[in-house]
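This report describes selected features of a protein structure for a reader new to the subject. Please keep the sequence and the structure in view while reading.

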Amino acid sequence: DIIGGTDFGDTVQTFTRTLVEGLFGYQPDYPFGKVLVAPQFPADWDKASIQNPNAAISYNRSGNTHSLAVQLQRDASLTVEIPVRATAITSVSVDGKPAEYETRPGFGQTIVRVTTPATAGATVRVAVTTADTLPEVMPIEAKGVVGSKVTLTIPDTSHTKLVSISDPLGVLENPTITGNQI
């Protein structure tokens, strides 16, 4: 919870919100008794931590294991989303015990989602171990004139397979997949 100031408060609040909610992914919803922590750290970061009056969050990546420790000062259920780039997830644990989890696709990564009840003051440790670590996928840029044919090529298909296209804005007209090309 950020308290506004009178002098330059708008810039401080924007920076703080970007850091706390964006980079560390701390998104409290205490009226509904829940907190989401969904960090978005750069691919080459192995460690990061932050503490504010409501929460302490600590991230550590060692080899193929991504760990996130979260301590909430208020009682709330906790959902943690950890992004990983791998061919397989070998284990997910909460406080050292196997945990149920869900996955969903992310941009160049898989998001591992774990929900657990949390007790105020207790530290919840979520660890995701993968079979390997894939390199970061860089965006592909394509330019074209409206109405002209554009081909997007996925450069490295040794670890990836193009299976579907999502075009919510309807930019592409009749897109097709052929091998590693759209």
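## A salt bridge between two strands

In this predicted model, the side chains of Glu-81 and Arg-113 meet in a salt bridge, with 2.4 Å from N to O. The two residues belong to distant parts of the chain, Glu-81 to strand β6 and Arg-113 to strand β10, and they are 32 residues apart. Side chains of opposite charge can pair when their charged atoms come close.

Glu-81 is buried because its relative accessible area of 7% falls under 20%. Arg-113, with a relative accessible area of 32%, is partly exposed.

## A network around Glu-81

Glu-81 also forms a salt bridge with Arg-104, where the closest N and O atoms are 3.0 Å apart. Arg-104 lies in strand β9 and Glu-81 in strand β6, so this pair ties together parts that are 23 residues apart in sequence. Arg-104 counts as partly exposed, at 40% relative accessibility. Glu-81, Arg-104 and Arg-113 are thus linked in a network of salt bridges.

## The five-stranded sheet

The strands of this network belong to an open sheet of five strands with mixed pairing, in the order β1-β2-β6-β10-β9. Its edge strands are β1 (26-29) and β9 (102-106), each of which pairs on one side only. From one strand to the next, the twist averages 20°.

Within this sheet, β6 (residues 76-84) and β10 (residues 109-118) pair in the antiparallel sense over nine bridges. Glu-81 has Arg-113 in β10 as its bridge partner.

## The six-stranded sheet

An open sheet of six strands shows antiparallel pairing in the order β3-β4-β5-β11-β7-β8. At its edges stand β3 (47-51) and β8 (97-98); each has a single partner strand, so one side of each is left without a neighbour in the sheet. Strands β7 (residues 89-94) and β11 (residues 123-130) run antiparallel and are joined by five bridges. The bridge partner of Ser-91 in β11 is Thr-129.

## A further salt bridge

The count of salt bridges comes to three. One of them joins Asp-46 to Arg-61, with the closest N and O atoms 2.6 Å apart. Asp-46 is in the loop between β2 (34-37) and β3, while Arg-61 is in strand β4 (residues 55-62), 15 residues apart. Asp-46 is partly exposed at 39% relative accessibility, whereas Arg-61 is buried at 16%.

## A nonpolar surface patch

Ile-165, Leu-169, Val-171, Leu-172 and Ile-177 form a nonpolar patch on the surface, and together they have about 460 Å² of accessible area. Leu-169 is found in the segment after β11, and its relative accessibility of 75% counts as exposed.

Technical notes
Residues numbered from 1 in each chain as written. Predicted model: local features only at pLDDT ≥ 70, side-chain atom pairs only at ≥ 80, totals over all residues. Heavy atoms only, no water. Pairing = 2+ DSSP bridges. Helix = DSSP H or I, 4+ residues; strand = E, 2+ residues; numbered from the N terminus. Axes fitted to C-alpha atoms, helices over the stretch in contact; angles between N-to-C directions. Patch = residues over 30% accessible without salt bridge, like charges linked within 9 Å, V, L, I, M, F, W, Y side chains within 5 Å. Areas by Shrake-Rupley, 256 points an atom, 1.4 Å probe, with all protein chains shown as cover. Salt bridge = Lys/Arg side-chain N within 4 Å of Asp/Glu carboxyl O. Buried < 20%, exposed > 50% of the residue type's maximum accessible area, 1.4 Å probe, protein only.
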